[in-house]
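Trainee: I have a chain open on my screen and would like to go through it with you. Where do we begin?

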Amino acid sequence: DTSLVQWVYMMLDLGFDEVSIGKVCDFCEFSGFMPKGYGVHVANLVGAIVRARSRDISPEEMVLTIYSVADAVGVETNPKDLKRLLTNALKRGKTGEMR
């Protein structure tokens, strides 16, 4: 699922930084919107996404990287999801923006 990566990109686009996203995650854990301890994993992802964005890596390219890691360690992924991600990444690469 790409929704977490998309959410982090959106929060960064809205002007949130790593610390403020971490605080939102803390609140989500406290409120029961997110499983306890999950915020640490999101914080790790935020750091990686901040570095990826500084290199103009799109959300789709970031998710493809995550899928590549999953494949490397033998986790099965959904081919339909990969096809959609590849199509979106190719569209962005060709036009510079998403349609």
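Mentor: We go from the overall fold to the core, the cysteines and a few loop residues. Keep in mind that this is a predicted model.

Trainee: Fine. How many helices and strands does the chain have?

Mentor: The secondary structure comes to 5 helices and 0 strands. From the N terminus on, the order is α-α-α-α-α.

Trainee: And what share of the residues is buried?

Mentor: Of the 99 residues in the chain, 31% are buried. The chain exposes about 6,800 Å², and carbon and sulfur atoms supply 58% of that area.

Trainee: What about contacts across the sequence?

Mentor: Take the contacts between residues at least 6 apart in sequence: 53% of them join residues at least 24 apart.

Trainee: Now the core. Which residues of the largest nonpolar core touch the most other members?

Mentor: That core has 19 residues, and V5, V8, Y9, I21, V42, I49 and M62 touch the most other members. At least two core residues come from each of α1 (3-13), α2 (18-31), α3 (38-54) and α4 (59-72).

Trainee: Pick Y9. What is Y9 in contact with, leaving aside its neighbours within four places in sequence?

Mentor: Y9 is in contact with I49, A52, R53, I57, S58, P59 and M62. Two of these partners, I49 and M62, are on the list of core residues I just gave.

Trainee: Changing topic: how many disulfides are there?

Mentor: A search of the whole structure finds 0 disulfides. For C25, the nearest cysteine sulfur is that of C28, 6.1 Å away.

Trainee: Why is there no bond between C28 and C25?

Mentor: Because the two sulfurs are 6.1 Å apart, which is too far for a bond. The cut-off for a disulfide here is 2.5 Å.

Trainee: Are those cysteines buried or exposed?

Mentor: C25 has 1% relative accessibility, so C25 counts as buried. C28 is buried too, with a relative accessible area of 17%; the cut-off for buried is under 20%.

Trainee: Now the outside. Which residues make the nonpolar surface patch?

Mentor: M10, L14 and F16 make a patch of about 290 Å². L14 sits in the loop between α1 and α2, and with a relative accessible area of 58% L14 is exposed.

Trainee: One more. What is the phi of D56?

Mentor: D56 has a positive phi of about 60°, although D56 is not a glycine.

Trainee: Where does D56 lie?

Mentor: In the loop between α3 and α4. D56 is exposed, at 54% relative accessible area.

Terms used
Residues numbered from 1 in each chain as written. Predicted model: local features only at pLDDT ≥ 70, side-chain atom pairs only at ≥ 80, totals over all residues. Heavy atoms only, no water. Core = buried A, V, L, I, M, F, W, Y, C linked by side-chain atoms within 4.5 Å. Buried < 20%, exposed > 50% of the residue type's maximum accessible area, 1.4 Å probe, protein only. Helix = DSSP H or I, 4+ residues; strand = E, 2+ residues; numbered from the N terminus. Contact = heavy atoms within 4.5 Å. Patch = residues over 30% accessible without salt bridge, like charges linked within 9 Å, V, L, I, M, F, W, Y side chains within 5 Å. Areas by Shrake-Rupley, 256 points an atom, 1.4 Å probe, with all protein chains shown as cover. Salt bridge = Lys/Arg side-chain N within 4 Å of Asp/Glu carboxyl O.
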